[in-house]
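Q: Could you take me through this structure and explain how its labels are earned?
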Amino acid sequence: MTTDILRADERIDDLQRNGLRIIQNPKRFCFGMDAVLLSGFARAREGGKTLDLGTGNGIIPLLMSAKTQAAHLTGLEIQPENVDMARRSVALNGLEERIRICEGDIKEASQIFGSSVFDAVTCNPPYMIGQHGLTGPDRAKAIARHEILCTFEDVAREAARLLRPGGRFYLVHRPFRLAELLCTLRAHRLEPKRMRLVYPFVDKEPNMVLLEASRGGNPRMTVEPPLIVYREPGVYMPEIYEVYGY
């Protein structure tokens, strides 16, 4: 019966959390481990309001609805097909009263929602710079991976405007851009407060970084212990199983 809500090339996946399910289209873009790790790293106060910038198919609001006591979670997404897919996932889980998916541009987020509205903002932004000429059937994936429609400067600026004083911004990105990320956050008065590097294996270099910044916070950052993903090929470390909820 639930297959009636699916469009061409879509499927329903079990999120292994509170019975949650999500609609995905492999031809567009499916969520990855980075989104799952961000949903575990981010914090939302009980009764608070959160916003996920560039929410895609709504994976982060859905997971955070199970992992936090936030009263309301909003996702902002620019691609209409993703907005439709995310809204159907929200309805599939009966979470219309708690999660709202909005269509709009990250660069205009503070105009859409207003200033100083949210207690927490999350973002799994495009990691790669450039590639503005990409078109055709792979454009949906390119928009998720490359800074085609927005830059990290845009993301940081809007997060700072959207957050209440003392509100927290959570993101996942690539370590090779870490110096730029920290400088950009501080330029917008988002003070880095917590960082965790993610390593695929204990003897490999990190391939992800999780960051928390506070709007108007005082300078002091905690570097958390490294997060190792795999014990051996195909076998997660215990903490990863906990994050996924297995």
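Q: Why is Glu224 called buried?
A: Happy to help! The model is a predicted one. Glu224 has a relative accessible area of 19%, and buried means under 20%, so Glu224 counts as buried.

Q: What makes Glu224 and Arg194 a salt bridge?
A: Their closest N and O atoms are 3.0 Å apart. The cut-off is within 4 Å, so the pair qualifies. Glu224 lies in the loop between strand S10 (222-223) and strand S11 (227-228), while Arg194 belongs to strand S8, 30 residues apart.

Q: How do you know whether Arg194 is buried or exposed?
A: Arg194 has a relative accessible area of 7%. With buried set at under 20%, Arg194 is therefore buried.

Q: What makes Arg194 and Glu212 a salt bridge?
A: Here the closest N and O atoms are 2.5 Å apart, which is within 4 Å. This pair links strand S8 (residues 190-199) to strand S9, with the two positions 18 residues apart in numbering.

Q: What makes Glu212 and Arg168 a salt bridge as well?
A: The closest N and O atoms of Glu212 and Arg168 are 2.6 Å apart, again within 4 Å. Glu212 sits in strand S9 (residues 208-215) and Arg168 in strand S7 (residues 163-173).

Q: Why is Arg168 called partly exposed?
A: Arg168 has 27% relative accessibility. Buried is under 20% and exposed is over 50%, with partly exposed in between, so Arg168 is partly exposed. Glu212, at 5%, is buried.

How values were computed: Residues numbered from 1 in each chain as written. Predicted model: local features only at pLDDT ≥ 70, side-chain atom pairs only at ≥ 80, totals over all residues. Heavy atoms only, no water. Salt bridge = Lys/Arg side-chain N within 4 Å of Asp/Glu carboxyl O. Helix = DSSP H or I, 4+ residues; strand = E, 2+ residues; numbered from the N terminus. Buried < 20%, exposed > 50% of the residue type's maximum accessible area, 1.4 Å probe, protein only.
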